[in-house]
Amino acid sequence: MTRVAFVTGGAGGIGQAICKRLADANFRVASSYIAAERETALKWQEASKGAGYDYVLVEGDVSNFESSAAIVREVEQQLGPIEVLVNCAGITRDGTFRKMTEDQWKAVIGVNLNGVFNVTRQVINGMIDRGYGRIVNISSMNGQKGQFGQSNYSASKAGIHGFTMSLAQEVASKGITVNSVSPGYIGTSMVMAIAEEIRNKIVAQIPVGRMGTPEEVGAVVVFLAGEDAGYITGANITMNGGQHMQF
Ligand code: CAA
């Protein structure tokens, strides 16, 4: 039996690699995308089809509770119950706090943190009823260490850690694990949007000497999504090239 995995923001830089890795591991994969990303998402779906990957794509906004409910309903109608949820949808609106607008704050908290609540809330009771589930939340190294210019983003990603540990305790006895993955700088368009001069300074601080790849993140997510990872819950897996080491 192949399990159903749903990845929010799957058409994004890290999301695409997560979807591919999950499909390679025999999951049936669905993903959501926001209307503004429709063209990118549909192009990716088409290109993936050509390469033998058949993803179910659903349009919607994870920052909105009703839209999240509709997304999950549609995925479950097409593929069946969601057994693996990867909360990957995330945005940045970087800026120093003294200049940060309410819109920048609310947009980032809305997608990155409220989105995790909005989508997880739709699937959790089904997972409890069936006695099985894997929830993987994509957080960030910058939620652990903070980052100049990212008070909104770091707050949202740190919030994901608290959520992960709390929900993990609530559902541990129900066969459900809840974990987070905290990538450092991964070579996606989100990171490439940082000015080159600043980016070069960032890479100079990474002991491994390079940015990570989306595929490397995908590999960790697939491991956590598997049955073998049943004893890992409430954990945060860091992967940052040694840029931020924590006990
Ligand atoms: N620490 C301390 N001071 C810093 C600093 C830092 N890291 N970076 C800049 N400064 C200083 C500058 O030297 C400057 O000082 P003066 O006013 O004395 O000249 C002051 O702070 C203003 O800095 P900027 O000129 O950079 O301010 P800005 O408004 O032009 O730009 C910014 C602000 C957009 C936040 C820019 O600094 C930036 O892009 N920073 C990178 C943010 C970042 O790393 N984002 C990660 C995105 S990827 C991601 O989020 C994925 C993930 O999970 C890792």
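## Contacts with the ligand

A polar contact is a pair of N or O atoms within 3.5 Å; within protein, one atom must be able to donate a hydrogen and the other to accept it, and residues adjacent in sequence count only if both atoms are side-chain atoms. Glutamine 147 fits this description, with a polar side-chain atom 3.4 Å from an oxygen atom of the ligand. This is a predicted model, in which local features need pLDDT of at least 70 and side-chain atom pairs count only at pLDDT 80 or more, while totals for chains, interfaces and linings use all residues. Residues are numbered from 1 along each chain as its sequence is written, and side-chain values use heavy atoms, with hydrogens and water left out.

Two other side chains also reach an oxygen atom of the ligand with an N or O atom: serine 140 at 2.6 Å and glutamine 150 at 2.9 Å. How much of the ligand does the protein cover? On its own the ligand has 1,100 Å² of accessible area, and the protein covers 55% of that; such areas come from the Shrake-Rupley method with a 1.4 Å probe, and for residues only the protein chains shown count as cover.

## The shell around the ligand

In total, 18 residues surround the ligand, and the closest are Asp94, Ser140, Gln150, Tyr153 and Tyr185. To be near the ligand, a residue needs one of its heavy atoms within 4 Å of it. Sorted by class, the shell holds eight nonpolar, eight polar and two charged residues. Here Ala, Val, Leu, Ile, Met, Phe, Trp, Tyr, Cys and Pro count as nonpolar, Asp, Glu, Lys and Arg as charged, and the others, Gly among them, as polar.

## Salt bridges

Now look for charged partners: the structure holds seven salt bridges, each a side-chain nitrogen of Lys or Arg within 4 Å of a carboxyl oxygen of Asp or Glu. One of them joins glutamate 83 to arginine 3, with the closest N and O atoms 2.7 Å apart. Glutamate 83 sits in the loop between helix 3 (65-79) and strand 4 (84-87), and arginine 3 in the segment before strand 1 (4-8), so this pair ties together parts that are 80 residues apart in sequence. Helices (H or I, at least four residues) and strands (E, at least two) are DSSP runs, numbered from the N terminus.

Arginine 3 also meets glutamate 227 in a salt bridge, at 2.9 Å from N to O. Arg3, Glu83 and Glu227 are thus linked in a network of salt bridges. Are these residues buried or exposed? Glutamate 83 is buried at 12% relative accessibility, as is arginine 3 at 16%, whereas glutamate 227 is exposed at 54%. Buried means under 20% relative accessible area, exposed over 50%, and partly exposed in between (1.4 Å probe, protein chains only).

Within helix 2 (residues 38-50), lysine 43 and glutamate 39 lie four residues apart, about one turn of the helix. Their side chains form a salt bridge of 3.6 Å, N to O.

## An unusual backbone angle

Most residues other than glycine have a negative phi. Asparagine 26 is not a glycine, yet its phi is positive, at about 80°. You can find asparagine 26 in the loop between helix 1 (13-24) and strand 2 (28-33), where it is exposed with a relative accessible area of 54%.
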